[in-house]
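Please look over the sequence and the model below before reading on. The paragraphs that follow go from individual residues to the whole chain.

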Amino acid sequence: MNSKLAPPSRLTDLLFQRSGKLTQELVRNPGGFGLGQVPVRLTPDATTTAVCGFCSTGCGLEVHLKHGQAVNLSPARDYSVNKGAACPKGWEALTPLYAKDRAVRPLLRNARGGLEEVPWQVALDTFCARFKDIQQRHGAHSVAFISTGQIPSEEMALLGALAKFGMGMLHGDGNTRQCMATAVVAYKQAFGFDAPPFTYDDFEQSDVLVFIGANPCIAHPIMWERVCKNLHHPRIIVIDPRKTETAMAATQHLPLRPKSDLRLLYCVANLLIERGYVKREYVDAHVSGFEELAAHVRGFSLADVAMDTGLSSESIEQLVETIGRGERVSFWWTMGVNQSHEGVRVAQAIINIALITGNIGRPGTGANSITGQCNAMGSRLFSNTTNLLGGHDFANAEHRAKVAAALGIDVAHIPQQGSLAYDQILEGVLRGKIKGLWIIATNTAHSWINQSDVKDVLGRLDFLVVQDMYTTTETARLANLVLPAAGWGEKEGTFINSERRIGLLKKVSRAPGEALADFYIFKLIADAWGCADLLRGFASPEQTFQLLKRVSRGQPCDITGIADYAMLDERRGIQWPLPEGQDVGVQAERRLFEDGRFFHADGRARLLFEAPRPVPEPIDENYPLILLSGRGSSSQWHTQTRTSKSAVLRKLYPEEPYVEVNPEDARRYGLSPSDYAIVESRRGKLRARVNVTHVVQPGQVFVPMHYAAANQLTFAAFDPYSRQPSYKHCAVQIRKSDPFAD
Ligand code: SF4
């Protein structure tokens, strides 16, 4: 044991008493538990690199240590992702660790209804006793979990294995359902595997970039910097109802009517076909379903679609000509597409256009979904929720046998079906089928669509456990038991970013009080539950990474060629795939499908399409405005559990909720700039400052998603294939706020 490490604390003593096996691990790796000092591999005064823990860009940050503790950070100049830049969130990444409302000890709800501190042992015993009791009374599947895209892949994998192989749960999903599920299903069906094909270098290599429902200037500012570094004088097209910051910087903006995107994309495909812009040779060799697609899109005439979308025929034709004549055209989408009642088919309409024009597998091309959270891609591959570990299928006996062998467990422990989706788990609670829920590092009571319903749903549980960094999240306040977790910078593991780059997260700061890395909370629960032996391979984050390598063997996401964490650190992150025997050198930026071979058994990509569906909640005379929601600024992150802790970041965004209103509507409803207004849907209302702006079109209003009240308005509709919520469209009314009545 390193003599520089702090002496074992009261908690360490407790953990030592609980388990002989854990004792040995603690002796080997005390820092890994969130206790003691930073890992022994870092010298006390040094600079080290860690990948950022907010968004999916995955920037490298240089963290500066003094006496073994992070004191400051700066963007890494030699990291290919960000090349010396970071957005405000990255610069402020250390600040949220020191917040006053950190969870520092387990909290248990007492007989008086308050949360009170309890020792870890009581927390663990209560966790197991309550969940086992629920399972005994209502069946093994009456307990479920909801996880996150914010914790490392190793922690996700251990959680998924513990819950499903050890505790007998069948259902567990992640908050990535809210952002990436649509892209996952779209890619799987079209390419045969969930495989975003691009590398960030494509931002710099395109001569045409088409952004659909994406605002990288605000949501992914470092990716936008890569666009700004493009030396090919690219044409930049933005398809978005709002005149976003990215639309203002574009060469063409198509402000289409909300949720008319599928019609527009089918019309574009039709015109590309009619005007001879199809790369027949590529399609014949690598793509299935062209004749069927051509017949389908023939029904979307320019005149009809111009009317449906509210766009001029000329602007649609200009879009078609720019795509058709481009040499290297890339298509980028995010939540404007994914968060839709028909998002999968919209994403596939984008993929269709890239495929038929041969814009895939070459520099500067691709049908490219930008992910949201820092480890959304890790969640997609390694969370063991809807996919079996490594992008495998629970329902496939061969896959189960392969994963069981890789983990060294009996195959009988692996369920034969995937999980219910997030909304179905909540529905299960509502119907009394799910009685116990374990929520890890996500803020369901704020972020889930139609917030008033979800609070009612969570209130019906027999036992709710929330594992989080903070005690004050809207969800933690509802919990029966709060388990205090270490945050970014207080633990080790890996994240996978939007371009499939696996980056290393390092422990550079001590977690406060008795907060523990999620990894070790899962280990303690396994021990208390009595299934620690089954999970013995998950001894530490790095040993778990070795397990993930093993389960990935032979998959499109094969990472058996990555030796260890040291290699990830040296190479400044490595993109998947990297099979054993392949070496791509330092900082290589690689894209998929260069050989035109896709992951379906026949090696061909599929063109997929369907008739557009009506919007779930159309406007009417009582609710005459369409509510759009989205990111407000690059200084805010999701439900603001972390970004609101930084005084610097708080200065960079409005403190109060605000609503963007077009000047025409402002006149109609008697609203002036900085007035307060009530925005009301059939489900709830919020009070917000009025921002009169041409950013939104007449008939539409926009509210940023970061304020707790935003999801009191949203309408719970879902894509039928991905079960992703449709946050971007519902019907509302607006009126000037009466300070006495409202
Ligand atoms: S762009 Fe994303 S990954 Fe980069 S610094 Fe900002 S939040 Fe972190």
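A residue counts as buried when its relative accessible area is under 20%, as exposed when that area is over 50%, and as partly exposed in between. The model under discussion is a predicted one. T57 has a relative accessibility of 3% and therefore falls in the buried class. Its place is the loop between β1 (47–51) and β2 (60–66). Which residues does T57 touch, leaving aside its neighbours within four places in sequence? The contacts are V81, Y200, H220, I222, M223 and N497.

P618 offers another loop position, between β20 (605–606) and β21 (625–630). At 48% relative accessibility, P618 is classed as partly exposed, because that value lies under the 50% limit for exposed residues. Taken with G60, P618 forms a pair separated by 558 residues in sequence. In space, the C-alpha atoms of P618 and G60 are 44 Å apart.

The charged side chains can be followed next. K83 and E204 form a salt bridge in which the closest N and O atoms are 3.4 Å apart. This pair links distant parts of the chain, with the two positions 121 residues apart in numbering. K83 sits in the loop between β3 (69–75) and α3 (88–91), whereas E204 belongs to helix α7 (residues 201–205). How accessible are the two partners? K83 has a relative accessible area of 35% and is partly exposed. E204, at 13%, counts as buried, because its value is under 20%.

E204 also meets R226 in a salt bridge, with an N to O distance of 2.6 Å. Here too distant parts of the chain are linked: R226 is in helix α9 (residues 221–228), E204 is in helix α7, and the two are 22 residues apart. Both R226 and E204 are buried. Which residues are joined into one network by salt bridges that share partners? The members are K83, E204, R226 and E589.

A further salt bridge joins the side chains of E116 and R112, at 3.8 Å from N to O. E116 is partly exposed, with a relative accessible area of 36%. R112 reaches 73% and is classed as exposed, because this value is over 50%. A search of the whole structure gives 43 salt bridges, and the pairs described above are among them.

Charge can also be considered for the protein as a whole. The protein carries 81 positive and 77 negative charges, and the mean positions of the two sets are 3 Å apart.

The overall fold comes last. The protein contains 27 helices and 26 strands. Its C-alpha trace extends over about 75 × 70 × 50 Å along the principal axes. Why can the radius of gyration be said to agree with that of a compact globule? For 742 residues, such a globule would have a radius of gyration near 27 Å, and the protein has 25 Å, so the two agree.

Burial and contacts complete the picture. Of the 742 residues, 65% are buried. Among contacts between residues at least 6 apart in sequence, 74% join residues at least 24 apart. The area that the protein exposes is about 25600 Å², with carbon and sulfur atoms supplying 50% of it.

How values were computed. Residues are numbered from 1 along each chain as its sequence is written. This is a predicted model: local features need pLDDT of at least 70, side-chain atom pairs count only at pLDDT 80 or more; totals for chains, interfaces and linings use all residues. Side-chain values use heavy atoms; hydrogens and water are left out. Helices (H or I, at least four residues) and strands (E, at least two) are DSSP runs, numbered from the N terminus. The radius of gyration is taken over C-alpha atoms; the globule rule is 2.2 Å times the number of residues to the power 0.38. Buried means under 20% relative accessible area, exposed over 50%, partly exposed in between (1.4 Å probe, protein chains only). Contact means heavy atoms within 4.5 Å. Accessible areas come from the Shrake-Rupley method with a 1.4 Å probe; for residues, only the protein chains shown count as cover. Lys and Arg count as positive and Asp and Glu as negative; His and the chain ends are not counted. The place of a charge is taken as NZ of Lys, CZ of Arg, CG of Asp or CD of Glu. A salt bridge is a side-chain nitrogen of Lys or Arg within 4 Å of a carboxyl oxygen of Asp or Glu.
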